[in-house]
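Dear colleague,

I am passing a structure on to you for your files. Please find it below, followed by a short account of what was found in it.

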Amino acid sequence: MGAMRRNLLFSLAIVAFLSGSAIAAVTPEQTTDPELLINSGYSQLTAEDVFILKNRMNGKPIEPLYEKNQNKFVKLCRKFYAYIDPAVDEYDRIHHDVDPNPSITDL
């Protein structure tokens, strides 16, 4: 009887050890990584929005994460139109910084 209890106790200890949860330290920087978001099933648009919002909060320049493949002429026309009308968003995003004073770097 004693050996059977010992085996049962040993088996329960092994099951409890194997079924224990793994504790992993994950930082907010890792949870908002665009690659991790895309691999978790979020779209590229969501990952790019998170990237833009993170840069905006940290005071970094806001640039798109993924470049769209466009014709150079169309890109030039869109930049020119965005230069004329500051309400137009260059990157088709809600988030953008509008500088009311035009400069040579806007072209």
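Is Lys 54 buried or exposed? Lys 54 is buried, since its relative accessible area is 14% and burial is assigned under 20%. Please keep in mind throughout that this is a predicted model.

To place that residue in context, I begin with the overall architecture. The protein chain contains five helices and zero strands, and its pattern along the sequence reads α-α-α-α-α. There are 107 residues in the protein chain, of which 10% count as buried. The area exposed by the protein chain is about 9300 Å², and 62% of that area is supplied by carbon and sulfur atoms. Among the contacts in the protein chain with a separation of 6 or more, 31% are accounted for by residues 24 or more positions apart.

Next, the salt bridge. The search of the whole structure finds one. In this pair, Lys 54 is joined to Glu 29, and the closest N and O atoms are 3.2 Å apart. Lys 54 belongs to helix H4, whereas Glu 29 belongs to helix H2 (residues 28-31), so the salt bridge ties together parts that are 25 residues apart in sequence. The partners also have opposite surroundings as regards accessibility: Lys 54 is buried, while Glu 29 is exposed, with a relative accessible area of 53%.

Helix H4 holds a further residue that I would bring to your attention. Asn 55 is located in this helix, which covers residues 44-58. Asn 55 counts as buried because its relative accessibility is 9%, and the limit for burial is under 20%. Leaving aside residues up to four places away in sequence, Asn 55 touches Lys 60 and Pro 61.

Finally, I turn to the surface. Which residues make the nonpolar surface patch? The patch is formed by Phe 80, Tyr 83, Ile 84, Ile 104 and Leu 107, and its area is about 580 Å². One of these residues, Tyr 83, lies in helix H5, which runs over residues 72-84. Tyr 83 is partly exposed, at 35% relative accessible area. That value satisfies the requirement for patch residues of over 30% relative accessible area.

In summary, the points to take from this predicted model are the salt bridge between Lys 54 and Glu 29, the buried Asn 55 in helix H4, and the nonpolar surface patch that includes Tyr 83.

With kind regards

Conventions. Residues numbered from 1 in each chain as written. Predicted model: local features only at pLDDT ≥ 70, side-chain atom pairs only at ≥ 80, totals over all residues. Heavy atoms only, no water. Patch = residues over 30% accessible without salt bridge, like charges linked within 9 Å, V, L, I, M, F, W, Y side chains within 5 Å. Areas by Shrake-Rupley, 256 points an atom, 1.4 Å probe, with all protein chains shown as cover. Salt bridge = Lys/Arg side-chain N within 4 Å of Asp/Glu carboxyl O. Helix = DSSP H or I, 4+ residues; strand = E, 2+ residues; numbered from the N terminus. Buried < 20%, exposed > 50% of the residue type's maximum accessible area, 1.4 Å probe, protein only. Contact = heavy atoms within 4.5 Å.
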